[in-house]
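Visitor: Hi! I'm new to this one, could you walk me through it?
Guide: Happy to, let's take a look together.

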Amino acid sequence: MIALLEARRAGLLGRRHWLANLVAGVIVGIVALPLAMAFAIASGAKPEQGLYTAIIAGFLVSAFGGSRLQIAGPTGAFIVILSGITARHGIAGLQVATLMAGVILLLLGLARMGTIIRFIPAPVIVGFTAGIGVIIWVGQWRDFFGLPAVTGEHFHEKLWLLLQALPQLHLITTALAALSLVLVIAMPRLPGMRRVPGPLVALVVATVLQAAFHFDGVRTIGSAFGGIPQGLPTLQLPRLAVSDLLTLIGPAFTIAMLGAIESLLSAVVADGMAGTHHDSNQELVGQGIANIVAPLFGGIAATGAIARTATNIRNGGTGPLAGMVHAATLLLTVLFLAPLAVNVPLAALAAILFVVAWNMSEAKHFLRMVRRAPRADVVILLVTFGLTVFADLVVAVNIGVILATLHFLRRMASSVEVRQATDHELTQEFAHLGLARLPPGVLVYSVDGPFFFGAVENFERALAGTHTDPRVLVIRLRWVPFIDITGLQTLEEVVRDLQRRGVRVMLAGANARVHGKLLRAGLVELVGRDNCFAAFADALAACQRLAESDPAMAHERAMLLSHSAESGPGAS
């Protein structure tokens, strides 16, 4: 359900909730102001484009999303992806890719695919977010230390060039950045200042100092971008050529997937803090709408922002009204305070991003996972982290998910057990039929676990252990939750091989889903309908009747009974 409608039904749009949401929205808007500009600049866009994104996406996600407390806008997670797209395709290409990503998110939401995002394993998420944090941190060295521009295509090249340029740091720029960093970190820890946004204080202090002293060599928004326009952008439809669509489809999918993951993670965090329950499909619809509209007005990609959402909740936000007030606060800032941004030092924004990078890296959680997680999960974590930093985020996530999937399949396959059932294990079934043991010439094999492509080797190996061919082989499928085409093909091959050797095959205990697949695959016809049983007891009863009617099996049964009598208590 749309969060706005849910909030209305819950009475959260009533007057008694106005003040709390108004205060929370204003505070979040103030917090979002420096972040929106910093994220835009780090993504290769202009600072005002970050503000436009926070205004438009912030309002639309609050209005049409699936979490009543979600705050959306540009985020640090997007920096690596967006800066790469901007470098290759320019701002116009970035905006087209963002629009395409919005369409993808909208379709995912309408197709009710929101829950599938949850299946991305924790080591992959922690690995790529930590990697993004490292890239953001190193990427801000230039503005933090006032270094000259470097031109390296890969991370290790940029890192080496930046290290070589460190002796050329600009002292005043570095001092402003260090002061800003201290203010960002220290403000929440000072008595009575916990609710005062540290990034805003750092931004104001650094801007005032630059405006007062006009330090030479300090890069500002004015010197780098010419300031921020006072007003709102007009609607501009992007030029969409078929060649552009084909070139940008990959980046668009990356933006969509990362946006989906980030927004749903943020919604889960909000649920945990406020005791709410979000609609993941509707959240993707809201994110899709926001990313379709934002680039039409000069914006860039947006998603749910975990830190701003948490700030909203901590300051009393209870519904979508707070997110809309947050957007209105930024709108008023652009309309009336834009000229003051001329003196904002880029060093102050770099200091803010230093803290964002540290928070994104979740260093303590990362190290704890390295120490405590199973070895395979640690490998997946480190591979994803390393590929994110040194190769590419898309490659990292893809390989991380593939490794996690293969590891899961290996564990699932090893958990599937195929074994011969003994008389002792079948005591309960024997009691219902008045039997003491399996009829002679009958073997029972039980399959315990999913019968899929990863488990067929276990099945073949177990049956290969049968040294003599029985007259009847019962394959018990009671504990098989599902079977795939590889399992069906393997089962068919085994059945045909046994039948060629004169062994009668029975299938017993399959659930309705598995039985339907056996029927469609022709296995029911292959073994014969009279050899397929819904209950294992029916299969045993059929084996008993067969033993009594088959002369060879009856003779074998008589021999067994005679042997039992001779070896009984009265035998001499």
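**Two helices side by side**

Guide: Keep in mind that this is a predicted model. A good place to start is H3 and H14, which pack at an angle of about 160 degrees, with their axes 8 Å apart.

Visitor: So are H3 and H14 roughly parallel or antiparallel to each other?
Guide: Roughly antiparallel, because angles over 145 degrees count that way. The crossing in which H3 passes H14 is left-handed.

Visitor: Which residues in H3 and H14 meet?
Guide: On the H3 side they include Leu 51, Tyr 52, Ile 55 and Phe 59, and on the H14 side Met 324, Ala 327 and Leu 330 are among them. By class, this contact has twelve nonpolar, four polar and no charged residues.

Visitor: What else do the buried residues of H14 pack against?
Guide: Besides H3 (47-64), they pack against helices H1 (3-9), H2 (18-42) and H13 (306-314), plus strand S1 (72-73). Among the buried residues in H14 are Val 325, His 326 and Thr 329.

Visitor: New topic! Where does Arg 112 lie?
Guide: You'll find Arg 112 in the loop between helix H4 (79-110) and helix H5 (122-139). Its phi is positive, about 60 degrees, although Arg 112 is not a glycine.

Visitor: What's notable about a positive phi?
Guide: Most residues other than glycine have a negative phi.

Visitor: And is Arg 112 buried or exposed?
Guide: Exposed, because its relative accessibility is 58% and the cut-off is over 50%.

Visitor: What about the phi of His 214?
Guide: That one is positive too, at about 50 degrees. His 214 sits in the loop between helix H9 (198-213) and helix H10 (221-225).

How values were computed: Residues numbered from 1 in each chain as written. Predicted model: local features only at pLDDT ≥ 70, side-chain atom pairs only at ≥ 80, totals over all residues. Heavy atoms only, no water. Buried < 20%, exposed > 50% of the residue type's maximum accessible area, 1.4 Å probe, protein only. Helix = DSSP H or I, 4+ residues; strand = E, 2+ residues; numbered from the N terminus. Contact = heavy atoms within 4.5 Å. Axes fitted to C-alpha atoms, helices over the stretch in contact; angles between N-to-C directions. Parallel < 35°, antiparallel > 145°, perpendicular 65-115°, else oblique. Left-handed = near helix turned anticlockwise from the far one by under 90°. Nonpolar A, V, L, I, M, F, W, Y, C, P; charged D, E, K, R; others polar.
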